[in-house]
Amino acid sequence: MDQNEALALLKPHLKQERYDHTVRVMETALELANRYGVDEKKAELAAIFHDYAKYRPLEEMKKWITSTYLPKDLLHYHHELWHGPVGALLVEKEIGITDVEILDSIHYHTTGRTHMTQLDKVIFLADYIEPGRKFPGIDEVREAAQVSLDYGCWMATKNTIGFLMSKNQPIYPDTFYAYNALTKAKN
Ligand code: GDP
Ligand code: FE
Ligand code: FE
Ligand code: FE
């Protein structure tokens, strides 16, 4: 599937601003993949479809989590976390992508996970630092992304955990697992 075909399949599922975000994630993911020697074709496709399920109704996402292999503990956390795992499932079912590395990087793009693959890291980090993002602390993460994938992702997980804690929000275990694994890996 080439880039234009993939973007055309994606477009009807997103609002314009989310589509624009996706194009920036794709461009950022291609840069990171090129810089760090990760498969650019996989990075491109994973980035294009990473937010595929972002606008599915909550009831539909809940149904997919309840009725499939997806982890049930997601239901006890913020629904913002559901679109990654559900997206991976629907990209396989509806778009026909079967590459497990691509599907996993979509699944884990919001939280990360322990022992992230290089492709997971490219998508996770591209989603965080694409030029339209304005999180507090973003400049430090952008600089870390120039040092290494591990350092960039570590800084992003650290930032996310700090942000969520400052808002008294619960933190999904995979986010801690990602942070812990990256704490060791970045050195
Ligand atoms: P987007 O889909 O492009 O907007 O970006 P993401 O898929 O990374 O989703 C971002 C949202 O998920 C942000 O509001 C984060 O703060 C939130 N988020 C990320 N990790 C966690 C977590 O472990 N727990 C909770 N509650 N929210 C999280
Ligand atoms: Fe997302
Ligand atoms: Fe993210
Ligand atoms: Fe995104």
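Let me begin with a single residue, His-21, which counts as buried because its relative accessibility is 3%, and buried here means under 20%. His-21 is found in helix α2, and please keep in mind throughout that what we are looking at is a predicted model. If you look from His-21 across to His-83, which is 62 residues away along the chain, the C-alpha atoms of the two are separated by 15 Å.

I started there since helix α2, which runs over residues 16-36, is one of the elements that each supply at least two residues of the shell around ligand 1, and α9, covering 149-166, is another. So let me turn to the ligand itself. Which residues are the closest to ligand 1? There are 18 residues surrounding ligand 1, and the closest are Arg-18, Lys-54, Thr-110, Arg-133 and Thr-175. For three of these I can give you a distance from a polar side-chain atom to an oxygen atom of the ligand. In the case of Arg-18, a polar atom of the side chain lies 2.8 Å from an oxygen atom of ligand 1; for Lys-54, an N or O atom in the side chain is 2.6 Å from an oxygen atom of ligand 1; and for Arg-133, the separation between a polar side-chain atom and an oxygen atom of ligand 1 is 2.7 Å. On its own, ligand 1 has 590 Å² of accessible area, and the protein covers 83% of that. As for where the ligand sits, the space it takes is the largest pocket, and if we sort the surrounding shell by class, we find 5 nonpolar, 7 polar and 6 charged residues.

Staying with helix α9, I would like to point out Asn-159, which lies in that helix. Is Asn-159 buried or exposed? With a relative accessible area of 19%, Asn-159 is buried, because the limit for that word is under 20%. The side chain of Asn-159 also makes a polar contact with the side chain of Tyr-128, at 3.2 Å.

Just along the chain from helix α9 comes a loop, between α9 and α10, the latter being residues 173-185, and in that loop we find Asn-168. Asn-168 has a positive phi of about 55°, although it is not a glycine, and Asn-168 is exposed, with a relative accessible area of 70%.

His-115 is also worth a moment, as it has a positive phi of about 50° although it is not a glycine. You will find His-115 in the loop between α6, residues 100-107, and α7, residues 118-129, and at 65% relative accessibility His-115 counts as exposed, because exposed is taken as over 50%. Gly-112 has its place in the loop between α6 and α7, but Gly-112 counts as buried, at 0% relative accessibility. Between Gly-112 and Tyr-151, which are 39 residues apart along the chain, the C-alpha atoms are separated by 14 Å.

Finally, let me take you to helix α3, residues 40-49, where Ala-47 has its place. Ala-47 is buried, with a relative accessible area of 0%, and its C-alpha atom is separated by 14 Å from that of Asn-34, with their positions 13 residues apart along the chain.

How values were computed
Residues are numbered from 1 along each chain as its sequence is written. Chains are lettered from A and ligands numbered from 1 in the order in which they are written. This is a predicted model: local features need pLDDT of at least 70, side-chain atom pairs count only at pLDDT 80 or more; totals for chains, interfaces and linings use all residues. Side-chain values use heavy atoms; hydrogens and water are left out. A residue is near a molecule or strand if one of its heavy atoms lies within 4 Å of it. A polar contact is a pair of N or O atoms within 3.5 Å; within protein, one must be able to donate a hydrogen and the other to accept it, and residues adjacent in sequence count only if both atoms are side-chain atoms. Accessible areas come from the Shrake-Rupley method with a 1.4 Å probe; for residues, only the protein chains shown count as cover. On a 1 Å grid over the protein atoms alone, a cavity is a set of points where a 1.4 Å probe fits but cannot get out, and a pocket is an open set with protein on both sides within 12 Å along at least five of seven lines; lining residues have an atom within 4 Å of a point. A molecule sits in a cavity or pocket if more than half of its atoms lie within 2 Å of its grid points. Helices (H or I, at least four residues) and strands (E, at least two) are DSSP runs, numbered from the N terminus. Ala, Val, Leu, Ile, Met, Phe, Trp, Tyr, Cys and Pro count as nonpolar, Asp, Glu, Lys and Arg as charged, and the others, Gly among them, as polar. Buried means under 20% relative accessible area, exposed over 50%, partly exposed in between (1.4 Å probe, protein chains only).
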